[in-house]
Amino acid sequence: MTSLLIPDNYVPRSNLLEGKTLLVTGAGDGIGRTAALTYASHGATVLLLGRTGSKLDAVYDEIEGAGGAKPAIIEMDLSTATEESYINLAASLSEAFPCLDGILHNAALLGERRPISDAGYTAWMEVMQVNVNAQFLLTRYLLPLLQQAPRASIILTSSGVGRTGKAYWGAYAVSKFATEGFMQVLADELENISKVRVNTLNPKGTNTAMRRTAYPAEEPTKNPSPEDIMGPYLYLMGDDSDGVTGKAFDAR
Ligand SMILES: NC(=O)c1ccc[n+]([C@@H]2O[C@H](COP(=O)([O-])OP(=O)(O)OC[C@H]3O[C@@H](n4cnc5c(N)ncnc54)[C@H](OP(=O)(O)O)[C@@H]3O)[C@@H](O)[C@H]2O)c1
């Protein structure tokens, strides 16, 4: 699979996302937390979805403290949420907002690092539920609200092991291949009938809890921090990428 980089020397406008309502999953920690803060600092109203209320509260307070638009918290465990929870979420968001301008699907589980011959079914299913099925359900039920926006962006978070398979990355790698497939199918379906664009973004090695768990022997500061890779997250979410769809991006 060929992956792309955003245009060289891209500089986002400070008000790039003004007037937009954006949903970020896994907004309490890691890349999702930084993306939520960054989107808010560029003018967006951010809907913070995650499973740990205290982390979401802290992001909420940080956005308010910085003078950003009032965010909203959606506490939801994507491993256990039922289809009905997504239907109810879509209904309440439709009442609160005229449209949704974008979703950053970022929440994910690393799961077991084992050979397939030794993988546990329960752990496998949990990774698939969070990394694949939750993305489907959220997108499926929020698509009508995204289609109300003049133009909208769906970013799905990929990984190097979702583009070239690698031993012992198990369900996580397979879930990221599924994410690439989901992006291609949906982008193809929407391309000529809608102003909703759909792309994947691989952040590549970034200093977060997930990276530190996956590579415990690695010096954490060897990798950029989430703040260092926000250019592509802004480019793909804002109107500067209008018309770009069905593509697989690398953050660097
Ligand atoms: N960091 C890297 O080097 C790297 C490289 C390639 C791809 N990625 C991808 O980048 C994305 C962000 O990763 P990260 O490194 O920022 O990971 P992270 O630090 O582990 O953060 C993951 C986020 O997802 C949330 N989450 C996990 N399970 C959830 C569930 N069941 N329901 C709701 N939220 C859930 C976590 O919530 P809690 O904080 O409450 O647990 C956390 O906010 C992921 O899609 C990952 O696969 C990361």
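The nonpolar cores and internal cavities of a predicted model are described here. Local features need pLDDT of at least 70 and side-chain atom pairs count only at pLDDT 80 or more, whereas totals for chains, interfaces and linings use all residues. Residues are numbered from 1 along each chain as its sequence is written, and side-chain values use heavy atoms, with hydrogens and water left out.

The largest nonpolar core (buried Ala, Val, Leu, Ile, Met, Phe, Trp, Tyr and Cys residues joined through side-chain atoms within 4.5 Å; buried means under 20% relative accessible area with a 1.4 Å probe, protein chains only) has 40 residues, and Leu23, Tyr86 and Leu93 have the most contacts inside it. At least two residues of this core come from each of strand E2 (45-50), helix H3 (83-96), helix H4 (121-146), strand E5 (152-157), helix H5 (170-190) and strand E6 (196-202); helices (H or I, at least four residues) and strands (E, at least two) are DSSP runs numbered from the N terminus. H4 gives the most, with 12 residues. Another core, of 33 residues, lies apart from it and includes Ile6, Ala27, Ala40 and Leu56.

The structure holds 2 cavities of 30 Å³ or more (a cavity is a set of points on a 1 Å grid over the protein atoms alone where a 1.4 Å probe fits but cannot get out; lining residues have an atom within 4 Å of a point; a volume is the space filled by probe spheres set on the points, joined across faces, edges and corners). The largest cavity holds about 70 Å³ of space, and its lining includes Arg114, Trp124 and Tyr172. H4 and H5 are the elements that give two or more residues to this lining. The second largest cavity holds about 40 Å³, and H4 gives the most to its lining, with 4 residues.

How values were computed: Buried < 20%, exposed > 50% of the residue type's maximum accessible area, 1.4 Å probe, protein only. 1 Å grid on protein atoms, 1.4 Å probe; cavity = no way out; pocket = protein on both sides within 12 Å on 5 of 7 lines; lining within 4 Å.
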